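Student: Could we go through this model together and ask, for each label, what earns it?
Tutor: Gladly; let's look at it first.

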Amino acid sequence: MNAIQRLDATFSALSDPTRRAILARLAAGDASVAELAHPFDMSQPAVSKHLKVLERAGLISRGRDAQRRLSRIEGGPLEDAFDWLRDYRRFWERSYERLDALLEELKAEGNRHERAKRRKGKQR
Amino acid sequence: MKNSHTFELAPRGEREIVVTRVFDAPRKLVYRAFTEPALVKRWMNGPGGYSMPVCDIDLRVGGSYRYVWKSDKDGSEMGLVGEFREIVPGERIVRTETFQGAWSPGETVGTVELKESGGKTTVTTTVVYASKQVRDGMLKSGMKEGMAMSYDRLEEILAA
């Protein structure tokens, strides 16, 4: 997967409320499919399906122990995705503040030109 | 700075994110600031720490543009490139947008609209994402409050 596909996978995985809830639960500690199914009132196959999506997106990893296969949250892709979002928002907020200042300058310039024009007009 | 200039961000339809901001200047000036490279370079460089060594704008339908930002710290570069699809001078610009950096939601379509009222100009930028999933992911994963998993919660997760 390239960076774009990775971000797509991350955001697609996060777009589902159940998967976000599963991630929130895993943030509190590793859990098995049965442990995850219980609070969500879901069948284990349904939970497994969500876990597969999360795993493909790299948001979780799953243990090798077949008996009690624990899921664990992986911070990397989340961190990358949220860094990007935070930066995106901050980028425009700060840029727009700078644009405020630039527009003040342009307005002042425009006013000076206007006054100069009026003066010229009077001289004629 | 909390005032009438507050930055607003909201979803619209299935695949859009809309950002609205009011500027205390006439539309004509705001349009210049968005389309003249020498002016764009002076404000569109985010939170600081970046310069904008490249800002090419061929402002006509089918014309392309290319922005490159360079980090003061490590010299790394990020780019935004695309093509103009629609231009109504002083009012509206529609263009494709592809972000060239570590992370990108793929090619999107961006629209900038300017409306003036009482000497102030409202700038509305709309970005249309490739799919509802990507858009919703963008919003629900922390850009909007009241989500099942809030941004703060994610911060905790990431810090853990």
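Student: What makes β7(B) and β8(B) a hairpin, and which residue in the turn has a positive phi?
Tutor: β7(B) and β8(B) form a hairpin with two residues between them, and Gly118(B) in the turn has a positive phi of about 55 degrees. Bear in mind that this is a predicted model, in which local features need pLDDT of at least 70, side-chain atom pairs count only at pLDDT 80 or more, and totals for chains, interfaces and linings use all residues. Residues are numbered from 1 along each chain as its sequence is written, while chains are lettered from A and ligands numbered from 1 in the order in which they are written.

Student: How do you know that β7(B) and β8(B) pair?
Tutor: Two strands pair if DSSP finds at least two bridges between them. β7(B) and strand β8 (residues 120-128) of chain B have nine bridges, in the antiparallel sense, so the pairing criterion is met. Glu116(B), for instance, stands opposite Thr121(B) in β8(B).

Student: How many bridges join β6(B) to β7(B)?
Tutor: Six bridges join β6(B), residues 92-100, to β7(B), residues 108-117, and the two run antiparallel. Arg92(B) has Glu113(B) in β7(B) as its bridge partner.

Student: What makes β3(B), β4(B) and β5(B) count as strands?
Tutor: Helices (H or I, at least four residues) and strands (E, at least two) are DSSP runs, numbered from the N terminus. β3(B) covers residues 50-57 and β4(B) residues 64-71, while β5(B) covers residues 77-88. β3(B) and β4(B) pair in the antiparallel sense over six bridges, with Ser71(B) as the bridge partner of Tyr50(B). β4(B) is joined to β5(B) by seven bridges, again antiparallel, and Ser64(B) has Glu83(B) as its partner there.

Student: Which residues in those two hairpins take a positive phi?
Tutor: In the hairpin of β3(B) and β4(B), with six residues between the strands, Gly62(B) in the turn has a positive phi of about 90 degrees. In the hairpin of β4(B) and β5(B), with five residues between the strands, Gly75(B) has a positive phi near 75 degrees.

Student: And how is chain B laid out as a whole?
Tutor: Chain B has four helices and eight strands, in the pattern β-β-α-α-β-β-β-β-β-β-α-α along the sequence.

Student: What about the order of elements in chain A?
Tutor: Chain A has five helices and two strands, running α-α-α-α-β-β-α from the N terminus on.

Student: Why is α2(A) called roughly perpendicular to α4(A)?
Tutor: The axes of α2(A), residues 17-27, and α4(A), residues 44-56, come within 10 Å and cross at roughly 75 degrees. That angle makes α2(A) roughly perpendicular to α4(A): angles under 35 degrees count as roughly parallel, over 145 as roughly antiparallel, 65 to 115 as roughly perpendicular and the rest as oblique. The contact (C-beta atoms, placed from the backbone, within 7 Å) is made by Thr18(A), Arg19(A), Ile22(A) and Leu23(A) of α2(A) and His50(A), Val53(A) and Leu54(A) of α4(A).

Student: Why does α3(A) get that label against α4(A) too?
Tutor: The axes of α3(A), residues 33-40, and α4(A) come within 9 Å and cross at roughly 110 degrees, which makes α3(A) roughly perpendicular to α4(A). Val33(A), Ala34(A), Leu36(A), Ala37(A) and Phe40(A) in α3(A) meet Gln44(A), Val47(A), Ser48(A) and Leu51(A) in α4(A).

Student: How do you know that the buried residues of α2(A) line one face?
Tutor: Arg19(A), Arg20(A), Ile22(A), Leu23(A) and Leu26(A) are buried. Seen down the axis of α2(A), these buried residues fall within an arc of 160 degrees, so they line one face of the helix. The arc is that of the directions from the helix axis to the C-beta atoms.

Student: Last one: why is Gly75(A) called partly exposed?
Tutor: Gly75(A), found in α5(A), has 15 other C-beta atoms within 10 Å. A residue is buried if 20 or more other C-beta atoms lie within 10 Å of its own, exposed if 12 or fewer, and partly exposed in between, with C-beta atoms placed from the backbone. Gly75(A) is therefore partly exposed.

How values were computed: Axes are lines fitted to C-alpha atoms, for helices over the stretch in contact, and angles run from 0 to 180 degrees between N-to-C directions. Two residues are in contact if their C-beta atoms, placed from the backbone, lie within 7 Å.
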